[in-house]
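Biologist: Hey, got a minute to walk me through this one? I'd like to start with the ligand.

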Amino acid sequence: MKTLITLLLLASLSFGANAAEDIHLQKARIDINDKTSLLRGAKHFVTYCLGCHSAKYMRYLRIALDTGVNEKVVLKEIAPEGASIYDQLHSAMNKHDAEKWFGTQPPDLSLIARSRGQDWLYSYLKSYYTDTKRPFGVNNLIFPDTAMPNPLWQLQGEQHAEQRKTIWGEHAELVLAEEGSLSEREFDVMVNDLVNFLVYVGEPIKVERESMGKYVLLFFSIFFILAYLLKKEYWKDIH
Ligand code: HEC
């Protein structure tokens, strides 16, 4: 009986831990073959992130090639003014200014989707809330005391953190206190496109590999039929 109770206790503890994780991370819907989402994400990145962050493993040319969009269109619609199609996604922010303003440097985001994970990124960008104790007046549930001001506050609006009590304990829940220029749904799509783009930037060859995968499977299916027919032919006289 004692063992049974211990087991039940352990199970409920691990369930509690999972539940807590579920509350924190929201799921991003990633599809790097969705070219329009990638293009929208690239545009958002240049508009809202490039001021501080680079993604130096990516070039505008590569975006044009992978999405099948004309180079001129990428330059006009996505790249900042004066950029060349061969340029990397390079931020103009210099190190000294960054140190002065944020006390740290905004990291390069080329591999961020791989190191932090897509759901973490999606949740992080959505989890800012007002906190007057912080230098920029905001804090973040996923990355507490982050030095990054909320780059998307005009779109999302202002969130407040409210303490909620549940059987698992107390946790903060974010509520929209002031609406932004986008509706909640539009904002979700926007952040999702941005994360989709960052996932693609982390491994651009994946787009190519996935389309090549289809041909490899096709080859194997044809090869299998041929091998089977050949086997039948060879064993015909023995059976
Ligand atoms: C005003 C400058 C600024 C802008 C604009 C900005 N960031 Fe940041 N970002 C920072 C700084 C500074 C940090 C370092 C935070 C820290 O270490 O506490 C950071 C950190 C991050 C991190 C965490 C990196 C890590 O793992 O430690 C991510 C992810 C990130 N930014 C994504 C973005 C995205 C996506 C955008 C565009 C929507 C963006 N940032 C726009 C300044 C900025």
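Modeller: Sure. An oxygen atom of the ligand lies 2.8 Å from a polar backbone atom of Ala147. Keep in mind that this is a predicted model.

Biologist: OK, that's backbone. Which ligand atom does a polar side-chain atom of His53 lie 2.8 Å from?

Modeller: A nitrogen atom: the polar side-chain atom of His53 is 2.8 Å away from that ligand nitrogen.

Biologist: And what about Arg116, how far is its polar side-chain atom from an oxygen atom of the ligand?

Modeller: That one is 2.6 Å.

Biologist: Which residues come nearest to the ligand overall?

Modeller: There are 21 residues around the ligand, and the nearest are Cys49, Cys52, His53, Arg116 and Met148.

Biologist: How do the shell residues divide into nonpolar, polar and charged?

Modeller: The shell around the ligand has 18 nonpolar residues, 2 polar and 1 charged.

Biologist: Which helix gives the most to that shell?

Modeller: α7 does, with 3 residues. Helices α6 (112-116) and α7 (118-126) each supply at least two shell residues.

Biologist: What kind of space does the ligand take?

Modeller: The ligand takes up the largest pocket.

Biologist: Switching topic to α5. What happens at the start of that helix?

Modeller: Helix α5 covers residues 95-102, and at its start a side-chain oxygen of Asn94 comes within 3.0 Å of the backbone nitrogen of His96.

Biologist: And which residue takes a positive phi just after α5?

Modeller: Gly103, with a phi of about 75°.

Key. Residues numbered from 1 in each chain as written. Predicted model: local features only at pLDDT ≥ 70, side-chain atom pairs only at ≥ 80, totals over all residues. Heavy atoms only, no water. Near = heavy atom within 4 Å. Polar contact = N/O pair within 3.5 Å; in protein donor to acceptor, adjacent residues only side chain to side chain. 1 Å grid on protein atoms, 1.4 Å probe; cavity = no way out; pocket = protein on both sides within 12 Å on 5 of 7 lines; lining within 4 Å. Sits in = over half its atoms within 2 Å of the grid points. Helix = DSSP H or I, 4+ residues; strand = E, 2+ residues; numbered from the N terminus. Nonpolar A, V, L, I, M, F, W, Y, C, P; charged D, E, K, R; others polar.
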